[in-house]
Amino acid sequence: MNTMLRKSVLGIAGLAFTGGIFAGPIAAPADAGPVEGKPVAVAVQGDKPDAAKLIPHGVQGAQSKITLNDEQTANAK
């Protein structure tokens with residue numbers, strides 16, 4: 001029973017695939033020529049941000065560093 005069901009499903013899938021292959025080019029819309037459209041506006045930033053804008057409160061301190069042993073370094077890699 002399982003084999004018969006599988007063959008039926010595969011047969012239906014094969015027919016659907018074959019129908020899609022042959023009907024695909026027929027059902028595809030015809031080329032209507034070039035598409036007319038409006039130009040798209042692009043926003044351009046006039047002024048580039050300086051360090052005062054990017055870091056308004058300044059750098060708070062030095063970067064912290066953690067010393068790792070060999071096992072921790074191997075795990076991080």
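**Exercise 1. State what share of the residues counts as buried, and how much surface is accessible.**

Of the protein's 77 residues, 0% count as buried. This is a predicted model. Its accessible surface comes to about 7900 Å². Carbon and sulfur atoms account for 63% of that surface.

**Exercise 2. List the elements in order and say where confidence is lowest and highest.**

Start with the count: the protein has 3 helices and 0 strands. Read from the N terminus, the order is α-α-α. Now turn to confidence. The mean pLDDT of the protein is 77. A value of 70 or more is reached by 73% of the residues. Helix α1, residues 2-27, has the lowest confidence, with a mean of 76. Helix α3 has the highest, at 93.

**Exercise 3. Place Val59, decide whether it is buried or exposed, and find its patch.**

First, locate the residue. Val59 sits in the loop between α2 (51-54) and α3 (70-76). Next, take its relative accessible area, which is 69%. The cut-off for exposed is over 50%. Val59 is therefore exposed. Last, look for partners. Val59 forms a nonpolar surface patch with Leu54 and Ile55. Together the three have about 330 Å² of accessible area.

**Exercise 4. Place Asn69, classify its exposure, and name the residue its side chain reaches.**

Asn69 lies in the loop between α2 and α3. Its relative accessible area is 42%. Buried means under 20% and exposed means over 50%, with partly exposed in between. So Asn69 is partly exposed. Now follow the side chain of Asn69. It reaches the backbone nitrogen of Glu71 at 3.2 Å.

Methods: Residues are numbered from 1 along each chain as its sequence is written. This is a predicted model: local features need pLDDT of at least 70, side-chain atom pairs count only at pLDDT 80 or more; totals for chains, interfaces and linings use all residues. Side-chain values use heavy atoms; hydrogens and water are left out. Patches are made of residues with over 30% relative accessible area and no salt bridge: like charges are joined within 9 Å, nonpolar side chains (Val, Leu, Ile, Met, Phe, Trp, Tyr) within 5 Å. Accessible areas come from the Shrake-Rupley method with a 1.4 Å probe; for residues, only the protein chains shown count as cover. A salt bridge is a side-chain nitrogen of Lys or Arg within 4 Å of a carboxyl oxygen of Asp or Glu. Helices (H or I, at least four residues) and strands (E, at least two) are DSSP runs, numbered from the N terminus. Buried means under 20% relative accessible area, exposed over 50%, partly exposed in between (1.4 Å probe, protein chains only). pLDDT is the predictor's confidence in each residue, from 0 to 100. A polar contact is a pair of N or O atoms within 3.5 Å; within protein, one must be able to donate a hydrogen and the other to accept it, and residues adjacent in sequence count only if both atoms are side-chain atoms.
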